[in-house]
Amino acid sequence: MSARVTYGSVSHAPTQVKSSKKAAKLWKRAVELGNVSAMNNLSIFYEYGRGGVKRDLKKMMQLLRMAADRGHAIAQHSLGHRLEAQRIRHSRVLDDGPTGMPLVPDEEGFKYLKLAADQGLMEAEHEVGVLYGASHEYDEAERYLSRAAAKGCEDARQMLRAMAQSRST
């Protein structure tokens, strides 16, 4: 399988490569040199086992955490989302509370989602707004959902309309 990907080098000059194996090799080298975008990109290869890289979810999470801790908004969102999804799967297995109780987000996952949202990443703003709403913190939910809606997130707009309707009844 031939893939055409753009690799942003450490100097941020994009280079076209024709194979995902070559991209993986270049990203590995860029990770060694501290390139944060390469950390995020290579994590995807580990997640799906692409580019001759063996599927390794532990390595994927390690790379995401490295990029997230260095301020990469997409990696922060991706890591936070994954940590939050793990918490949801775990809570469904345990059936940890009655319906209608405020949802308590995963502390670490929420931290990374909020970091991404505070950098203006629309998807993270939406997700943080949803989590605030599930936690019954409606003012914060509205603040983040409004930011996402202003950037074109239709799901955030729908949630804001639903919140407004529930307040008026």
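**Exercise 1. Two helices in contact**

Which residues in α2 meet which residues in α3? Describe also how the axes of helix α2 and helix α3 cross.

*Solution.* The structure is a predicted model.

Step 1. Locate the two helices: α2 covers residues 36-48 and α3 covers residues 57-69.

Step 2. List the contacts. On the α2 side stand V36, M39, N40, L42, S43, Y46 and E47, and they meet L57, K59, M60, L63, L64, M66 and A67 in α3.

Step 3. Consider the axes. They come within 8 Å and cross at roughly 160 degrees. Angles over 145 degrees count as roughly antiparallel, so α2 is roughly antiparallel to α3.

Step 4. State the handedness: α2 passes α3 in a left-handed crossing.

**Exercise 2. The chain as a whole**

State how many helices and strands the chain has, and in what order the elements run.

*Solution.*

Step 1. Count the elements: the chain has eight helices and two strands.

Step 2. Read from the N terminus on; the order is β-β-α-α-α-α-α-α-α-α.

Step 3. Add the burial of the chain. Of its 169 residues, 40% are buried.

Step 4. Add the contacts. Among those with a separation of 6 or more, 43% are between residues 24 or more positions apart.

**Exercise 3. An aromatic pair**

Classify the ring pair of F110 and Y132, and say where each residue lies.

*Solution.*

Step 1. Recall what is needed. A pair of aromatic rings is described by the distance of the centres and the angle of the planes.

Step 2. Begin with the count: the structure holds three aromatic pairs. In the pair of F110 and Y132, the ring centres are 5.2 Å apart and the planes stand at 85 degrees.

Step 3. Apply the cut-off. Planes over 60 degrees apart count as edge-to-face, and therefore the pair of F110 and Y132 is edge-to-face.

Step 4. Place the residues. F110 belongs to helix α5 (residues 107-118) and Y132 to helix α6 (residues 122-134); they are 22 residues apart, and the pair links distant parts of the chain.

Step 5. Complete the picture. F110 and Y132 are both buried, and ring pairs join F110, Y132 and Y144 into a cluster.

**Exercise 4. Helices α6 and α7**

Describe how α6 and α7 cross, and name the residues through which they meet.

*Solution.*

Step 1. Take the axes: those of α6 and α7 come within 7 Å and cross at roughly 160 degrees. The two helices are therefore roughly antiparallel to each other, and their crossing is left-handed.

Step 2. List the contacts. M122, E125, H126, V128, G129, V130, Y132 and G133 in α6 meet Y138, E140, A141, Y144, L145, R147 and A148 in α7.

Step 3. Examine S146, which is in helix α7. The C-alpha atoms of S146 and G129 are separated by 8.5 Å, and the two residues are 17 residues apart along the chain.

Step 4. Judge the exposure of S146. Partly exposed residues lie between 20% and 50% relative accessible area; S146 has 32% relative accessibility, so S146 counts as partly exposed.

**Exercise 5. A residue in a loop**

Where is H136 placed, and what is its phi?

*Solution.*

Step 1. Locate H136: its place is in the loop between α6 and α7 (138-150).

Step 2. Recall the general rule. Most residues other than glycine have a negative phi.

Step 3. Compare with the value here. Phi of H136 is near 65 degrees, which is positive in a residue other than glycine.

Step 4. Judge the exposure: H136 has 36% relative accessibility and so counts as partly exposed.

Key. Residues numbered from 1 in each chain as written. Predicted model: local features only at pLDDT ≥ 70, side-chain atom pairs only at ≥ 80, totals over all residues. Heavy atoms only, no water. Phe/Tyr/Trp six-rings, centres within 6.5 Å; stacked < 30°, edge-to-face > 60°. Helix = DSSP H or I, 4+ residues; strand = E, 2+ residues; numbered from the N terminus. Buried < 20%, exposed > 50% of the residue type's maximum accessible area, 1.4 Å probe, protein only. Axes fitted to C-alpha atoms, helices over the stretch in contact; angles between N-to-C directions. Parallel < 35°, antiparallel > 145°, perpendicular 65-115°, else oblique. Left-handed = near helix turned anticlockwise from the far one by under 90°. Contact = heavy atoms within 4.5 Å.
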